[in-house]
Amino acid sequence: MLNEDDSDRALIDAPYTVMALRHVLRGIEMTRKHVKTEAVRELLRKALAAFDRAVPGGKSARDVIEHFDEYALGIGNLQQPQVPRTKDRVPNDELSEAFIHRLEWEREGDTRRPVYVAGPYRVDFQAAEEAAFRLVCDAYEALRLDEEDAVPRGWTYEVQRGSLRG
């Protein structure tokens with residue numbers, strides 16, 4: 001997915017990757033609701049906020065993909081937020097065109113990075129992968145803390161990334 005050499009496959013996988021990112025967030029949010037202590041809930045809230053800062057627009061991009069039928073007509077929630085009920089919205093070709101989604105490759109130095117574009121929302125897949133990995137590590141540490149078996153903050157990330165690099 002992160003390699004332009006297989007851009008046909010990346011094009012197919014890109015929307016599913018955005019959807020998978022949203023599932024990770026839902027899993028962490030579910031975890032946050034079911035842990036025992038406020039300290040652990042706060043740790044997970046901060047981890048989710050860090051993900052949102054690293055992947056701005058990720059949820060909105062997922063909405064555009066998941067509700068493609070509405071966005072193709074220009075009647076999506078993000079296209080016509082002033083009209084609360086979908087059935088009251090009027091199809092709009094300009095809004096439809098403005099919310100086309102696609103995979104782009106942005107240049108960064110000598111390399112190119114895959115970025116999924118869904119209307120005005122952009123998901124940098126390299127940043128998203130890093131943020132999702134860190135979020136999962138944070139959730140593991142939060143669950144350890146909830147079970148009163150804490151590890152130092154950031155330990156899981158360092159161990160996992162170190163083992164992946166080494």
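Two strands are counted as paired when DSSP finds at least two bridges between them. On this basis, Leu103 has Tyr116 in β2 as its bridge partner, one of the contacts that define the sheet of this predicted model. The mean pLDDT of the chain is 90, and 92% of the residues reach 70 or more. Confidence within the chain is highest in helix α5 (residues 93-98), with a value of 97, and lowest in helix α7 (residues 155-165), where the mean is 83.

The sheet is open and consists of three strands arranged in the order β1-β2-β3, with antiparallel pairing. Its edges are formed by β1 (101-108) and β3, each of which pairs on one side only. On average, and with direction ignored, neighbouring strands of the sheet are turned by 30 degrees against each other. In general, the strands of a sheet pair through backbone hydrogen bonds, in either a parallel or an antiparallel arrangement.

Between β1 and β2, the antiparallel pairing extends over eight bridges. Arg102 lies opposite Val117 of β2, and Leu103 is matched with Tyr116 of β2. The two strands form a hairpin with two residues between them, and in this turn Gly109 adopts a positive phi of about 65 degrees.

On the other side, β2 (residues 111-118) pairs with β3 (residues 121-124), again in the antiparallel sense, over four bridges. Ala118 is placed opposite Tyr121 of β3, while Val115 faces Asp124 of β3. The hairpin of β2 and β3 likewise has two residues between its strands, and Gly119 shows a positive phi near 65 degrees. Tyr116, the bridge partner of Leu103, is also bridged to Val123 in β3.

Two helices pack on this sheet. Helix α3 (residues 58-66) touches β1, β2 and β3, and its direction makes about 110 degrees with that of β3. Helix α6 (residues 125-146) also packs on the sheet and touches β1, β2 and β3; the angle between its direction and that of β3 is about 65 degrees. Strand β2 is mostly covered, with six of its eight residues buried. In a regular strand, side chains alternate between the two faces of the sheet.

The structure holds 17 salt bridges. One of them joins the side chains of Glu104 and Arg102, with an N to O distance of 2.9 Å. Glu104 has a relative accessible area of 24% and is therefore partly exposed. Arg102, which stands opposite Val117 in β2, is likewise partly exposed, at 37% relative accessible area.

A further salt bridge connects Arg153 with Asp138, whose closest N and O atoms are 2.7 Å apart. This pair links distant parts of the chain, 15 residues apart: Arg153 belongs to the loop between α6 and α7, whereas Asp138 is part of helix α6. Asp138 has a relative accessibility of 9% and so counts as buried. Elsewhere, salt bridges with shared partners join Lys59, Arg62, Asp63 and Glu66 into one network.

Within this network, the side chains of Asp63 and Arg62 meet at 2.4 Å, N to O. Buried residues are those under 20% relative accessible area. Asp63 has a relative accessible area of 13% and is therefore buried. The value for Arg62 is 5%, so this residue is buried as well. The salt bridge between Asp63 and Arg62 thus joins a buried aspartate to a buried arginine, whereas the salt bridge between Glu104 and Arg102 involves a partly exposed glutamate and a partly exposed arginine.

Key
Residues are numbered from 1 along each chain as its sequence is written. This is a predicted model: local features need pLDDT of at least 70, side-chain atom pairs count only at pLDDT 80 or more; totals for chains, interfaces and linings use all residues. Side-chain values use heavy atoms; hydrogens and water are left out. Axes are lines fitted to C-alpha atoms, for helices over the stretch in contact, and angles run from 0 to 180 degrees between N-to-C directions. Contact means heavy atoms within 4.5 Å. pLDDT is the predictor's confidence in each residue, from 0 to 100. Buried means under 20% relative accessible area, exposed over 50%, partly exposed in between (1.4 Å probe, protein chains only). A salt bridge is a side-chain nitrogen of Lys or Arg within 4 Å of a carboxyl oxygen of Asp or Glu.
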